[in-house]
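Take a moment with the sequence and the fold before reading on. We will go through a few places in turn.

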Amino acid sequence: MKRIISLIFLAAICASPLIAQQKKAVNPAQQKMDSFITALMAKMTVDEKIGQLNLPSSGDITTGQASSSDISKKIKAGQVGGLFNIKGVDKIKAVQQIAVENSRLKIPLLFGMDVIHGYHTVFPIPLGISATWDMDAIKKSARIAATEASASGINWTFSPMVDISRDPRWGRISEGSGEDPYLGSQIAKAMVTGYQGKLQANNEILACVKHYALYGAGEAGRDYNTVDMSRVRMYNEYLPPYKAAVDAGSASIMASFNEVEGIPATGSKWLMTDVLRKEWGFKGFVVTDYTGIPEMIEHGMGDLQTVSALALNAGIDMDMVGDGFLNTLKKSLAEKKVSMDQINRACRLILEAKYKLGLFTDPYKFCDPTRAEKEVFTPENRQVAREIAAESFVLLKNSNNTLPLKKSGTIGLIGPLSDNTANMYGTWSVAALLDKSVTVLQGLKNALGNDAKILTARGSNFLADSVMEHRYVNVHNPTYKRDSRTEAALIKEALDVAKKSDVIVAVMGEGSEFSGESSSVTSIDLPETQKNLLKELAKTGKPVVLVLFTGRPLALKWENENLPAILNVWFPGSEAGNSIADVLFGNVNPSGKLTATFPQNVGQVPLYYSHKNTGRPEAGKFTKFRSNYLDVTNDPLYPFGFGLSYTNFSFSDIKLSSNTLTAGKSITATVKLTNNGKYDGKEVVQLYTRDLVGSITRPVKELKGFQKISLKAGESKDVTFTITEEDLKFYNSNLKFVAEPGDFKLFIGGNSRDVKETSFKLVK
Ligand code: BGC
């Protein structure tokens, strides 16, 4: 009887719509992959499974070395899941061959690399490219990067870096998309989809979003430093871009070095499992950052065995360079400090990534030797890099229409970056052809032909102190040959050039490695020796155009007050000189907008537009006992979203379709944008809101939408945004994602400061 009842029960469950739905949801491709991997794993020993979790750096082994090296022995023994820092089809093919011909189970390897802003064709640094606010362009740059890298055998890039940062002292602010979670999320999505496509073709590679989590919020802007913040802040301001990358299907994610709530991210089960997998539904694999596991020993979390077990149990699947998994997990298994289930989980996820890439069908899928010549550093790719670079430049100042320059007369081209190939690229240009970039001098010559005369002078070194300068610029590769003359002699030569010139183009700022990893600073001023030069040039009374190279927001108060024109070009990449000439001479009208606030001075840091009001907000001028400084206002020098154009745009007042937004419905906000100037141009129309009363305090402004609009001189266009309840949601103190009814302000403008304003109500 009992049996009959349970059979009936079973039949009833199977017939239930829920089960039917679940059955339908299992897709055949997934099933095929699952059974393939299950069958493979059934053959694997524990050692071989642990081997898949190991990611050593090759140090770019040559083929010959590979076959005899320690790594090669490990590959044969099934102790390596992937390798990174190796490039070139021949080398990668030879190493893959070791895995698929000489290891017992013939499991192919992943080949990773930091393809951060292009491969041989280098695009602007990420902070620069974010200033385009052009998602199609950003996606295209990632697509080209994936195509070029995969033509060199790479099938996995450690990008995008989506760490929100509001601290220009941190060198790695250059690698991300700035300070804003909404914009950062859009960019994260564009990059992941650009790299991965459908993960089918041999130019579609795995993305790895990093550094999860909160790496950009280290105390005092010092790299690898402690992070401690409320969960409300994490959820609202720092986590969204990682989540956006996960939602876009990023195949992998990299743990960050820093601690979060007292636990290094690499050992945080809350981050790696509870949030990432349970809340966000992440299905890919998690890799540590470089030696992230053994670094937990220094953090004070225990010995190598303890921290390796901690990482695996937290949800880490792959150990980059740490050797902790390889050397301790088996022991931990025997001692029941980790379970077979955890090892299986990690192994399965890595095998799945290889399967999705198609490596089990063709381990040499990314080793086609004919591709590199046709697909890498092509004129087409370089043309795209040139166009995107020009779009990324931010015109910070342009009084008296100093720019664009005329293609006539004499131009004095002065500064340590005016004729420098290797420093056009910026940080993490791992595959850049150091001598193949277009220098500023070359770019100007290309544009001018015989139309104008160019006189040049170095003017200054990067830094006055040669020992310090070496630390800043030559640490990876010798990229800069110092001029041994004295500061006075260099300035004198520059002034001689200036005297003979109609206009001075001063090309200066940071070298490539001033920013990037382990490049934090406590001063964000232009180096003194460069500023001395600028001061002397300004005294000549000739117009001085500062073409500024930088990987971080700098403090430019003096420059802003004393120079007529400042064009911030970040690090433009392969086509630097051509794209700079395009903008200087007006072939391209600049349209870049800052994605990180430029403060007046370093003491204001962290300074960001989306701050809270406090109970004693600044009152427009210094007032005792209000939240302000004695010495400077709270204003930035250049706000988030700021960037000038050669033309002038004006915004009409905002028209709302209704002043009431009912939950489940939408309203629209429209402005008429007019190009009042003489040049065709592009404006990034930015929409912000402010939630006036909340169950928790809300920022004074939050970006909720943007559109990049092209307008011919004299043309006008209505620009419309749709706003729904979804746009007004935030994480409340219970970390529930909610929109609260009440009054909102809505702002539209060309930057976060200069906006039109209206208001509406959300009703439920
Ligand atoms: C960086 C990562 C990078 C990794 C591999 C680390 O030092 O933090 O961003 O992906 O090295 O090169």
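Where is leucine 630 found? Leucine 630 sits in the loop between helix 25 and strand 17. Keep in mind that this is a predicted model. Is leucine 630 buried or exposed? Its relative accessibility is 70%, so leucine 630 counts as exposed. Leaving out residues up to four places away in sequence, leucine 630 touches Phe622 and Lys624. Now look for leucine 433. Along the chain, leucine 433 and leucine 630 are 197 residues apart. In space, their C-alpha atoms are separated by 49 Å.

The loop that holds leucine 630 also holds proline 606, between helix 25 (576-584) and strand 17. Look at the bond that leads into proline 606. The peptide bond from valine 605 to proline 606 is cis, and its omega is near 0 degrees. Most peptide bonds are trans. A cis bond also joins lysine 210 and histidine 211, with omega about -10 degrees. Histidine 211 is part of strand 5 (residues 208-212).

Next comes the backbone angle phi. Most residues other than glycine have a negative phi. Lysine 106 is not a glycine, yet its phi is positive, at about 55 degrees. Find lysine 106 in the loop between helix 7 (89-102) and strand 3 (110-113). Lysine 106 has a relative accessible area of 44%, so it is partly exposed. Threonine 291 also has a positive phi, near 55 degrees. Threonine 291 lies in the loop between strand 9 (285-287) and helix 14 (295-299).

Now turn to the helices. Helix 9 covers residues 135-150. How far apart are its end C-alpha atoms? They are 22 Å apart. At 1.5 Å a residue, the 16 residues of helix 9 should span 22 Å, so the two values agree. At the start of helix 9, look at aspartate 134. One of its side-chain oxygens comes within 3.1 Å of the backbone nitrogen of aspartate 136.

Helix 9 is mostly covered, with 12 of its 16 residues buried. Among them are Met135, Ile138, Ile144 and Glu148. What do the buried residues of helix 9 pack against? Their partners are helix 8 (126-130), helix 10 (181-196), helix 18 (371-375), helix 19 (379-392) and strand 22 (702-711). Remember strand 22; we will come back to it.

Helix 22 (residues 487-499) has 13 residues. From first C-alpha to last, helix 22 reaches 18 Å, close to the 18 Å expected at 1.5 Å a residue. Which residues of helix 22 are buried? They are Leu490, Ile491, Ala494, Leu495, Val497 and Ala498. These buried residues cover an arc of only 160 degrees around the axis, so they lie on the same side of helix 22. On the other side of helix 22, Ala488 and Lys499 are exposed. The cover over the buried residues of helix 22 includes strand 12 (410-414), strand 13 (453-457), strand 14 (503-509) and helix 23 (528-539).

The strands come last. Strands of a sheet pair through backbone hydrogen bonds, either parallel or antiparallel. One open sheet has 5 strands, in the order 19-27-26-21-22, with mixed pairing. Strand 19 (660-662) and strand 22 are its edge strands, and each pairs on one side only. Neighbouring strands of this sheet are turned by 25 degrees against each other on average, direction ignored. Strand 22 pairs with strand 21 (residues 681-691) in the antiparallel sense, over 9 bridges. There, tyrosine 688 stands opposite leucine 703 in strand 22.

Finally, find strand 20 (residues 666-675). Of its 10 residues, 7 are buried, so strand 20 is largely enclosed by the rest of the structure. Strand 20 runs antiparallel to strand 23 (residues 716-724), and 9 bridges join the two. Across this pair, isoleucine 667 stands opposite isoleucine 723 in strand 23. Strand 17 (residues 649-651) is joined to strand 20 by 3 bridges, again antiparallel. Here phenylalanine 649 has asparagine 675 as its bridge partner in strand 20. Strand 18 (residues 655-656) runs antiparallel to strand 20 too, with 2 bridges between them. Lysine 655 stands opposite threonine 670 in strand 20.

Methods:
Residues are numbered from 1 along each chain as its sequence is written. This is a predicted model: local features need pLDDT of at least 70, side-chain atom pairs count only at pLDDT 80 or more; totals for chains, interfaces and linings use all residues. Side-chain values use heavy atoms; hydrogens and water are left out. Helices (H or I, at least four residues) and strands (E, at least two) are DSSP runs, numbered from the N terminus. The expected span of a helix is 1.5 Å times one less than its number of residues. Buried means under 20% relative accessible area, exposed over 50%, partly exposed in between (1.4 Å probe, protein chains only). Contact means heavy atoms within 4.5 Å. A polar contact is a pair of N or O atoms within 3.5 Å; within protein, one must be able to donate a hydrogen and the other to accept it, and residues adjacent in sequence count only if both atoms are side-chain atoms. The arc is that of the directions from the helix axis to the C-beta atoms. Two strands pair if DSSP finds at least two bridges between them. Axes are lines fitted to C-alpha atoms, for helices over the stretch in contact, and angles run from 0 to 180 degrees between N-to-C directions.
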